[in-house]
Amino acid sequence: MNDTQQLAYQFATKKGIRGFSEHLLLSAIVTPPPLAHEVEVVTQPEVSFKSLITLPVRERPTTSRQRAKPPPYDLTRTASRRSDRKANCCFTCLTCNIVTMDAAEFRRRGKEMVDFVADYLENIEHRRVYPDVEPGYLRSMIPSEAPLEPESYEDVLKDVDRVIMPGITHWQSPHFHAYFPSASSYPALLADMLCGGLGCIGFTWAASPACTELETVMLDWLGKMLQLPEDFLAGTKGQGGGVIQGTASEATLMALLAARCKAVKCVHESDPQRSEADIISKLIAYTSEEAHSSVERAGLIGGVGIRMVATDEHFSVRAETLEKMVAEDKAAGFIPFFFCATLGTTPSCAFDKITELGPLCNAENIWMHIDAAYAGSSFICPEFRPLLDGVEFADSFNFNPHKWLLVNFDCSAMWVKKRTDLIGAFKLDPVYLKYDNQESGLVTDYRHWGIPLGRRFRSLKLWFVFRMYGQSGLQAYIRKHVELAKVFETMVKKDKRFEICAEVVLGLVCFRLKGSDELNEALLKEMTHLGRIHLVPCKLRGRFVLRFAVCGRTTELRHVQEAWTHITELSSELLLKHHS
Ligand code: PLP
């Protein structure tokens, strides 16, 4: 043992540290320092877009990093290090094997991982965007049980390449046009890394004050960026405030449950004889027939009836239609209590008319929740902000910065006008969660605002992104996507074989080949099979429609043009086959 080791050993034995901790301390000391990492830089050959995306992943040219010599952490060395540890320690080998990575190795591996991720993202467009694997592909590639003995980091990383990468749908690819975007940016990734490193769980203010306080302030920053009415902000005289939920689905569910609780209380006050079960059985919620399935699901989870409201020719819910349904239901003895409006529906990015629906809901004592999961990010641009007009009538509002505001998943921002409606519905106070100042009125305990107790430090991502992009950078990003969608729309309109199926307001274009659903299904099937671009369909007025969403942070005009060329080439082949 050298001096440091002896000191550490004395410390451990003096403190009576035995077994596991003693081992941790010692094995950390006997672990040799990491070796220097040689990197041989190889320049990347010129390769055409077409050839790249049709090659299987393993044959594709790799990046300079991937071509660099493997890091000098070879398996034999790992093995000898492990036996060093065993030889040096005086307790059971089983315990010895527990230590797999110390801080020094983490530093080295962490830097490598950052390079790995940066290389992946920089070169992502050369990958096939949609994976070519069959369901169940993974099980046979890894053992059926977790390893008894520790494995090396090298082996784990090799398997990331071998097992994981072939089954990845590359959401960050500029050729990804499916669903809605899944936001990503380097500042957000770094903030998430910090979040993981801090590892704190912010369920109460005391559990990590910074975690709670930054979240409250960030939701106010974001609320101000959206020009939300002051009622929704925490740092005002209003009774509202914001919270980060995991997803829009959770936000809708929370809103529905809070509304349910409020409605039960309200009916109970006027009719104390009525049981809670009876009241709940009569509650009825509403949403657009175009709403995301998560709204219907919230109804199912919340155990209340939910009715779909028909939309107008723009796929928007109008007050007149809802009013009729509410009247019918009230006449039949039901209690209308909740309406979920959508701003930016999933199929076609349509907008319910909340300026007329809001007053109706307020008059009928119906909680209006607004789900703007995708479109919400665009409201930071003054030219799109009118789409949010009417939010002043809402009880709660939600959108996903993790969709379109460069904040990595998960981060769904939700505001309520009256925070006691939310908190009051789910408040429980076990002794182990109590602390000083809890009832001072100065602190927020976010555990009362959502379903889970444990919460990650997600506001860090917002803070990093807001500061490093600035509002102007975020606005420019949104505008670029909208412009690219407009370019795509113009190209579709110019080709008489196609039709646009819904108004293009933001970054989504709904289009189809004029003709049968089968034809359009065949087109999408071929696209998916080739894996060069990725789109998903929707049904609009019963017809099969293709959705082209501008999603990637790195999507440029050339990607949109390439996508359109690809679509038209496939269509020509298909139409030729169809007519022959
Ligand atoms: N609401 C709308 C309008 C959506 O488009 C989506 C998903 O795309 C959701 C809700 C569900 O979002 P999340 O995955 O955050 O629950």
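Which strands does helix α19 (residues 517-530) lie across? Keep that in mind for the last stop of this tour. The model on screen is predicted.

**Whole chain**

Start with everything selected. The protein chain has 20 helices and eleven strands. Of its 580 residues, 48% count as buried. Among contacts with a separation of 6 or more, 73% join residues 24 or more positions apart.

**The seven-stranded sheet**

Select the strands β1 to β7. These seven strands form an open sheet in the order β1-β7-β6-β5-β4-β2-β3, with mixed pairing. The edges are β1 (241-245) and β3 (305-309); each has a single partner strand, so one side of each is left without a neighbour in the sheet. Neighbouring strands here are turned by 20 degrees against each other on average, direction ignored.

Strands of a sheet pair through backbone hydrogen bonds, either parallel or antiparallel. For an antiparallel example, select residues 396-399 (β6) and 412-416 (β7), which pair over four bridges. Within this pair, F397 has W415 of β7 as its bridge partner.

Now add helix α11 (residues 248-270). Helix α11 packs on the sheet and touches β1, β2 (283-288), β4 (335-342), β5 (367-371), β6 and β7. The direction of α11 makes about 160 degrees with that of β4. Helix α15 (residues 354-363) also packs on the sheet, touching β4 and β5, and its direction makes about 155 degrees with that of β5.

**Edge strand β1**

Select residues 241-245 alone. Are the residues of β1 buried or exposed? Five of its five residues are buried. In a regular strand the side chains alternate between the two faces of the sheet. In β1, G241, V243 and Q245 are on one side, G242 and I244 are on the other, and both faces are covered. Five bridges join β1 to β7 in the antiparallel sense, and I244 has A413 of β7 as a bridge partner.

**A loop residue**

Move to G167, in the loop between α8 (153-164) and α9 (186-198). With a relative accessibility of 27%, G167 counts as partly exposed. Beyond its neighbours within four places in sequence, G167 is in contact with P131, V133 and Y137. Select Y130 as well: Y130 is 37 residues from G167 along the chain, and their C-alpha atoms are separated by 8.5 Å.

**Two helices side by side**

Select α10 (residues 209-225) and α18 (residues 459-494), whose axes come within 9 Å and cross at roughly 25 degrees. At that angle, α10 counts as roughly parallel to α18. The crossing is left-handed. Show side chains to see the contact: the α10 residues include L214, M218 and W221, and those of α18 include W463, F466 and L474. The residues of this contact divide into twelve nonpolar, two polar and two charged.

**The four-stranded sheet**

Keep α18 on screen and add β8 to β11. These four strands make an open sheet in the order β8-β9-β11-β10, with antiparallel pairing. Here β8 (498-500) and β10 (536-540) are at the edges, each with a single partner strand, so one side of each is left without a neighbour in the sheet. The twist averages 40 degrees from one strand to the next. Strands β9 (residues 508-513) and β11 (residues 543-549) are joined by four bridges, and F511 stands opposite L546 in β11.

Helix α18 lies across β8, β9 and β11, running at about 15 degrees to β9. Finally, select α19: this helix lies across β8, β9, β10 and β11, running at about 35 degrees to β11.

Terms used
Residues numbered from 1 in each chain as written. Predicted model: local features only at pLDDT ≥ 70, side-chain atom pairs only at ≥ 80, totals over all residues. Heavy atoms only, no water. Pairing = 2+ DSSP bridges. Axes fitted to C-alpha atoms, helices over the stretch in contact; angles between N-to-C directions. Contact = heavy atoms within 4.5 Å. Parallel < 35°, antiparallel > 145°, perpendicular 65-115°, else oblique. Left-handed = near helix turned anticlockwise from the far one by under 90°. Nonpolar A, V, L, I, M, F, W, Y, C, P; charged D, E, K, R; others polar. Buried < 20%, exposed > 50% of the residue type's maximum accessible area, 1.4 Å probe, protein only.
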